[in-house]
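Visitor: I'd like a tour of this protein model, please. Could you take my questions one by one?

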Amino acid sequence: MEFLVRILALVRKELMAVLKDPKSRFVVLGPPMIQLLVFGYGATFDLNEVPFAVYNEDRGGAARELVAAFRGSPTFRLVAEVDSDRAITPLVESGQALLVLRIGPNFSADLARGEPGAVQLVIDGRNSNTAQVALGYVRSIVQEFNEERLAGRGARLPSELVVRAWYNPNLESRWFLIPGIVGLLTLVVTLLVTALSVAREREHGTFDQLLVTPLRPVEILIGKALPGFLIGFLEATLVTAVAVFWFEIPLRGSLGTLYVGVALFLLSAVGMGLMISSLSATQQQGLLGAFLFMVPAMLLSGFATPIENMPEVIQYLTLLNPVRYFMVVLRGVFLEGATFELLIHQFWPMAVIGVVTMSFAAWLFRHRIY
């Protein structure tokens, strides 16, 4: 019983140190919410407005119909109509037009004879991802144009492709990104709180006072770990609530499965934070150590870049990254409604990483004390 009383007293002290200070309180609550809103609205793979120009050398009806199809699309915005090749380059180089649709002089006549009509698309490829997305939109409009012309003649395409997108029927990239942001923000807050805990005691000169108390090293370690765990748990809950109720991201799985993943992830994040804190003599060192871990962890998590596309050596390296497994859990629970049984292969690696990091943090803690 005395064991629990001593630990709870230290936990209360740690929570007061973080939450009683207005600056620390703002760091825990303010930046994560700002980042969530910025990422939620700003980070997207979708193109909502594609500026394009037209170079129409054919004044026939088919050419006008094709241009009208682009102009009538809510995705495309006509910025210029040019009448020479020389006018294309300045539009693309300046970024005024992402793509230029060039229709040849015989387009309508070729279609009238039942032959293919040639259309050239000049697209800005400096941002390859944006170019690929825009190219997909163009292909969709051209496909609809072809189907309408065939339907008008009473003909049908020899084969028809019917697409059904599972888990994200509207193909909104926000549904993919925001569950991942829940994991990133939980990592940032938890790691910072724990990475600075012991370093703050050393910098303020209160660490020696803590050692002369009846608390044993293991009790000090637990007392330092629990506040980071509780704050991370609160942060994950708050960010999840914003994702569901503000951004309307569907939460198809059970909260129980989600919070099992949160708890195991926090165990590994707290362990890593305490390792960094045990090695740091000042808060500045703790902060630098936290960022030294966070940046590679985010890049190798599969948040934006598929792990399957990484070099094979890097793929093996990601197996040591707890954020990788948490991303799968978050997106599985949010979008797929994944059950506990389906995610067990993501849970046990996080548990192993958590036990190893906590054990190593305990060893470092004792070693640094003595």
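**Salt bridges, strands and cores**

Guide: Let's start with one charged pair in this predicted model. Glu81 and Arg71 form a salt bridge, and their closest N and O atoms are 3.7 Å apart.

Visitor: Which elements hold Glu81 and Arg71, and how many residues apart are they?

Guide: This pair links distant parts of the chain. Glu81 is in strand 2 and Arg71 is in helix 3, which puts them ten residues apart.

Visitor: Is Glu81 buried or exposed?

Guide: The cut-off for "exposed" is a relative accessible area over 50%. Glu81 has 56%, so Glu81 is exposed.

Visitor: And what about Arg71, buried or exposed?

Guide: The same kind of check works here, with over 50% as the cut-off. Arg71 has a relative accessibility of 51%, so Arg71 counts as exposed.

Visitor: How many salt bridges does a search of the whole structure find?

Guide: Glu81 with Arg71 is a salt bridge, and so is Arg77 with Glu49, at 2.9 Å from N to O. Searching the whole structure gives a count of four.

Visitor: How many residues apart in sequence are the parts that Arg77 and Glu49 tie together?

Guide: Arg77 belongs to strand 2, residues 76–81. Glu49 sits in the loop between helix 2 (22–42) and strand 1 (50–56). The pair therefore ties together parts that are 28 residues apart in sequence.

Visitor: What is the N to O distance in the salt bridge of Glu57 and Arg102?

Guide: Here the side chains of Glu57 and Arg102 meet. Glu57 is in the loop between strand 1 and helix 3 (61–71), while Arg102 is in strand 3 (residues 99–103), so the pair ties together parts 45 residues apart in sequence. The N to O distance is 3.3 Å.

Visitor: Which residue is linked with Glu57 and Arg102 in a network of salt bridges?

Guide: Glu57 is partly exposed at 30% relative accessible area, and Arg102 is partly exposed at 22%. The network of salt bridges links these two with one more residue, Asp85.

Visitor: How many of the five residues of strand 3 are buried?

Guide: For a residue to be buried, its relative accessible area has to be under 20%. Strand 3 is largely enclosed by the rest of the structure, because its buried residues number four of the five.

Visitor: Strand 3 pairs with strand 1 and is joined to strand 4. Which of them runs antiparallel to strand 3?

Guide: Strand 1 and strand 3 pair in the parallel sense over five bridges, and Asn56 stands opposite Ile103 in strand 3. On the other pairing, Leu101 has Leu121 as its bridge partner. Five bridges make that join, and the antiparallel partner is strand 4 (residues 119–123).

Visitor: Which helix gives the most residues to the largest nonpolar core?

Guide: In soluble globular proteins, nonpolar side chains tend to be buried together. The largest nonpolar core here has 59 residues, and Leu36, Leu187 and Met350 touch the most other members. Among the elements that give two or more residues to this core are helix 2, helix 7 (173–195) and helix 15 (344–369). With twelve residues, the one that gives the most is helix 7.

Visitor: How many residues are in the second, separate core?

Guide: Among the residues of this second core are Phe70, Leu98, Val133 and Val138. The second core is separate, and its residue count is 21.

How values were computed: Residues are numbered from 1 along each chain as its sequence is written. This is a predicted model: local features need pLDDT of at least 70, side-chain atom pairs count only at pLDDT 80 or more; totals for chains, interfaces and linings use all residues. Side-chain values use heavy atoms; hydrogens and water are left out. Buried means under 20% relative accessible area, exposed over 50%, partly exposed in between (1.4 Å probe, protein chains only). Two strands pair if DSSP finds at least two bridges between them. A nonpolar core is a set of buried Ala, Val, Leu, Ile, Met, Phe, Trp, Tyr and Cys residues joined through side-chain atoms within 4.5 Å.
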